[in-house]
Amino acid sequence: MNTLEMTLLIWAGSCLAGFVGALTGLGGGIVIVPLLTLAFHFDIRYAIGASLVSVIATSSGAAAAYVKEGYANMRLGILLEIATTAGAVGGAAAAAYLASDTVAVTFGLVLLFSAYFSGRRRRPKPEASQPDRLATLLRLDADYPANGHRAAYHVRGVPGGFGVMFIAGAISGLLGIGSGALKVLAMDQIMRIPFKVSTTTSNFMIGVTAAASAGVYLNRGYVAPGLAMPVVLGVLPGALLGTRLLPKAETRWLRILFAMVLVFLAVEMIYNGLSGSVGEP
Amino acid sequence: MADRTRPSAEGERRLERQIGNLLRSGVSLAAAVVLIGGIVYLARHGGSPPHYQRFYEQSSDLHTVTGILGDTCSGSSRGTIQLGILLLIATPVMRVLLLAIGFAWQRDTTYVLLSLVVLGVLLYSLLGGS
């Protein structure tokens, strides 16, 4: 295999990564990392660098379309980003005291559990719920496009969501992976906001979180231009395609796709944890 | 006065559209620079085998902003790709900055402050992260 063939294969994989990442709000790392480490046997540090680039590309590529459509809740995104950032700092500090393999296996099990919950169809309609005092105070209630009109929704469980976002940040600081899964879960299961708003707001946040660690990774030489190039050029059209599909996509199918990706991510985490290959070697 | 609960909904929509347009230009520019660098890179190195099985410290020019700019000016394809990546990394930063401006325009002090905190952390870890 020469560099040209490798570039084309990574490009194709990145198209898929961008597509799935944009639709589920999980970023492209879940496809890129196993592709580079398991299929190509590349060093994990290059995979982490490429994954970081893919997350930013998915986030910004999808954002250009989503912001225009008015799905993402920017106030909520900014508020929760504070929790994630604080968590990431805490996680990086805690990394010295915790066994990251154990954390990975635990996180994998949590994801399996969550996949079950998020795959289920939800009970009460979020649009019908009562306003929450804290959410009203913080002006978090908003509306989003649904069936040709703008449907208003209420945000609930702000402290709980904020807490899970803190943990999400800590885990990403600890394991060096995107925390999109926990972000979507917190918004979907605890704050009870519409699924498409959860995934698009998560898309916004993962880009900001990834950009925050980009400086460090660039400095350490994790971002290899030869790998970053096909990743960016593949993820962007993939993400764009995903955003085109989102307004038409049925939430039920998005939930199933999300749950499937969670199971995949969970297995990956548990495998990495058990084989002792978590984070930076 | 029409709807008192959501007084700035229309302005907010317009602002979001403008942010969307700016993001789109930023991402397109980044992709174009990566594409140019990529074509030159593949033309020069496309036939050689990839070498990512083991981690090498790359030439340290590619690790810093000034180094990348210097490499790009001297016609390095890897430097050009990295420049595109830098532009891409700048898009989320731009986005938070634009949000802060947008909230200021709406006189939403709480969210101006929150956006500035996020922006501050971003810039600190991007620029001081060595």
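## Chain B: fold outline

What pattern does chain B follow when read along the sequence? In this predicted model, the pattern is α-α-α-α. Chain B has 4 helices and 0 strands.

Chain B contains 130 residues, and 35% of these count as buried. Contacts in chain B with a separation of 6 or more can be split by distance along the sequence. Residues 24 or more positions apart account for 54% of them.

## The side of chain B that touches chain A

On chain B, 54 residues are in contact with chain A, where 50 residues take part. Three elements of chain B each give two or more residues to this side: α1 (9-45), α3 (77-105) and α4 (109-127). The largest share comes from α1(B), with 16 residues.

What is the make-up of this side by class? It has 29 nonpolar, 17 polar and 8 charged residues.

## α9(A) against α3(B)

One helix pair across the two chains is α9(A) and α3(B). Their axes lie 9 Å apart and the packing angle is about 120 degrees. That angle makes α9(A) oblique to α3(B), because an angle over 115 but not over 145 degrees falls in the oblique class. The crossing is left-handed.

From α9(A), the residues that meet α3(B) are G207(A), V208(A), A211(A) and A214(A). Their counterparts in α3(B) are I89(B), P92(B), V93(B) and V96(B). By class, the contact holds 7 nonpolar residues, 1 polar and no charged.

## α8(A) against α9(A)

Helix α9 of chain A, residues 195-220, also packs with a helix of its own chain, α8, residues 180-190. Here the angle is about 140 degrees, and the axes are 9 Å apart. Is this crossing left-handed or right-handed? The crossing of α8(A) and α9(A) is right-handed.

α8(A) contributes G180(A), K183(A), V184(A), M187(A) and D188(A) to the contact. α9(A) contributes F195(A), S198(A), T199(A), T201(A), S202(A), M205(A) and I206(A). These residues divide into 5 nonpolar, 5 polar and 2 charged. For the contact of α9(A) with α3(B), the division is 7 nonpolar, 1 polar and no charged.

## The β1–β2 hairpin of chain A

Chain A also has strands. β1 (residues 142-146) and β2 (residues 149-153) pair in the antiparallel sense, over 5 bridges. Which residue of β2(A) does D143(A) stand opposite? The partner is A152(A).

The hairpin has 2 residues between the strands. N147(A) takes a positive phi there, near 50 degrees.

## The setting of A47(A)

A47(A) sits in helix α3 of chain A, which covers residues 44-69. Why does A47(A) count as buried? It has 23 C-beta neighbours inside 10 Å, and the class needs 20 or more.

Which residues does A47(A) touch, leaving aside those up to four places away in sequence? They are I32(A), V33(A), L36(A), T37(A) and F42(A). P34(A) lies 13 residues from A47(A) along the chain, and the C-alpha atoms of the two are separated by 8.2 Å.

Technical notes:
Residues are numbered from 1 along each chain as its sequence is written. Chains are lettered from A and ligands numbered from 1 in the order in which they are written. This is a predicted model: local features need pLDDT of at least 70, side-chain atom pairs count only at pLDDT 80 or more; totals for chains, interfaces and linings use all residues. Two residues are in contact if their C-beta atoms, placed from the backbone, lie within 7 Å. Ala, Val, Leu, Ile, Met, Phe, Trp, Tyr, Cys and Pro count as nonpolar, Asp, Glu, Lys and Arg as charged, and the others, Gly among them, as polar. Axes are lines fitted to C-alpha atoms, for helices over the stretch in contact, and angles run from 0 to 180 degrees between N-to-C directions. A crossing is left-handed if the near helix is turned anticlockwise from the far one by less than a right angle, and right-handed if clockwise. Two strands pair if DSSP finds at least two bridges between them. A residue is buried if 20 or more other C-beta atoms lie within 10 Å of its own, exposed if 12 or fewer, and partly exposed in between; C-beta atoms are placed from the backbone. Angles under 35 degrees count as roughly parallel, over 145 as roughly antiparallel, 65 to 115 as roughly perpendicular and the rest as oblique.
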